[in-house]
Amino acid sequence: MTAEDGNPPEGEPAIRVVAMPADTNVYGDIFGGWLVSVMDNAAGLIASRHGKGRAVTVAMDKMLFHAPVSVGDEVSVYGEITRVGRSSMTINVEAWRRHRFEEHAVKVTEADFTFVAIDDNGRPRPIQG
């Protein structure tokens, strides 16, 4: 597992959170499921905004964990829409961590999330965008 140093994507993150002690596994590392949840939240914000309504996660592909996250790290999640279909969209999501008192950021996780826009009855609807 190698961390990917560099610069986070341009612009503001979709979501930014601090990893807390309650988010750890039995070894004291931040639980991977917590990180996936934060990434799904960020992708959902992007999908709902682009689709102008409710959108649900239907798939997650190419999940890669590059580096661990520690308690107190600031986690910033960035997303970019890479594909839009009639009712679905794919969002590439990257999570970057920054130690609390540093400026240097490291990419810790990335994945592609696929969302489907749905109507009030839970059925796929065309994306209006």
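**Pocket lining, salt bridges and selected residues**

In this predicted model, the largest pocket is lined by Pro-9, Glu-10, Gly-11, Glu-12, Pro-13, Ala-14, Tyr-78, Gly-79, Glu-80, Asn-92 and Glu-94. The space within this pocket amounts to about 160 Å³. By residue class, the lining of the largest pocket comprises 4 nonpolar, 3 polar and 4 charged residues. Two strands, S4 (74-84) and S5 (88-98), each contribute at least two residues to this lining, and S4 provides the largest share, with 3 residues.

Glu-94, one of the residues that line the pocket, also takes part in a salt bridge. Its side chain meets that of Lys-107, with an N to O distance of 3.5 Å. This pair connects distant parts of the chain, since Lys-107 belongs to strand S6 and Glu-94 to strand S5, and the two residues are 13 residues apart. Lys-107 has a relative accessible area of 8% and is therefore buried, and Glu-94, at 16% relative accessibility, likewise counts as buried. Lys-107 forms a further salt bridge with Glu-110, in which the closest N and O atoms are 3.5 Å apart, and both Lys-107 and Glu-110 are buried.

In total, the structure contains 6 salt bridges. In general terms, side chains of opposite charge can pair when their charged atoms come close. Another of these pairs is formed by the side chains of Arg-98 and Glu-74, which meet in a salt bridge with an N to O distance of 3.0 Å. Here too distant parts of the chain are linked, with Arg-98 in strand S5 and Glu-74 in strand S4, 24 residues apart. Both Arg-98 and Glu-74 are buried. Salt bridges with shared partners join Arg-16, Glu-74 and Arg-98 into one network.

The surroundings of Arg-98 can be described further. This residue, located in strand S5, has a relative accessibility of 19% and so counts as buried, the cut-off being under 20%. When neighbours within four places in sequence are left aside, Arg-98 is in contact with Asp-73, Glu-74, Glu-103 and His-104. A polar atom of the Arg-98 side chain also lies 2.4 Å from the backbone oxygen of Glu-102. By contrast with these contacts, the C-alpha atoms of Arg-98 and Thr-82 are separated by 26 Å, although the two residues are 16 residues apart along the chain.

Asp-73, which is among the contacts of Arg-98, is placed in the loop between strand S3 (55-65) and S4. With a relative accessibility of 2%, Asp-73 counts as buried. A polar atom of its side chain lies 2.8 Å from the backbone nitrogen of Ser-70. Apart from neighbours within four places in sequence, Asp-73 is in contact with Val-17, Val-18, Ala-19, Arg-97, Arg-98 and His-99.

A buried position is also found in strand S6 (residues 105-117), where Thr-114 is placed. Thr-114 counts as buried because its relative accessibility is 14%. If residues up to four places away in sequence are not counted, Thr-114 touches Val-56, Thr-57, Val-58, Ala-59, Asp-61, Ser-88, Met-89 and Thr-90.

Several loop and strand residues are exposed instead. Phe-101 lies in the loop between S5 and S6 and, with a relative accessible area of 79%, is exposed. The C-alpha atoms of Phe-101 and Gly-72 are 9.6 Å apart in space, while the two residues are 29 residues apart in sequence. Lys-52, in the loop between helix H1 (32-51) and S3, counts as exposed at 59% relative accessibility. The phi angle of Lys-52 is near 55°, a positive value in a residue other than glycine. For Lys-62, which lies in strand S3, phi is also near 55°, again a positive value in a residue other than glycine. Lys-62 is exposed, with a relative accessible area of 62%.

Definitions and conventions:
Residues are numbered from 1 along each chain as its sequence is written. This is a predicted model: local features need pLDDT of at least 70, side-chain atom pairs count only at pLDDT 80 or more; totals for chains, interfaces and linings use all residues. Side-chain values use heavy atoms; hydrogens and water are left out. On a 1 Å grid over the protein atoms alone, a cavity is a set of points where a 1.4 Å probe fits but cannot get out, and a pocket is an open set with protein on both sides within 12 Å along at least five of seven lines; lining residues have an atom within 4 Å of a point. Grid points are joined across faces, edges and corners, and a volume is the space filled by probe spheres set on the points. Helices (H or I, at least four residues) and strands (E, at least two) are DSSP runs, numbered from the N terminus. Ala, Val, Leu, Ile, Met, Phe, Trp, Tyr, Cys and Pro count as nonpolar, Asp, Glu, Lys and Arg as charged, and the others, Gly among them, as polar. Buried means under 20% relative accessible area, exposed over 50%, partly exposed in between (1.4 Å probe, protein chains only). Contact means heavy atoms within 4.5 Å. A salt bridge is a side-chain nitrogen of Lys or Arg within 4 Å of a carboxyl oxygen of Asp or Glu. A polar contact is a pair of N or O atoms within 3.5 Å; within protein, one must be able to donate a hydrogen and the other to accept it, and residues adjacent in sequence count only if both atoms are side-chain atoms.
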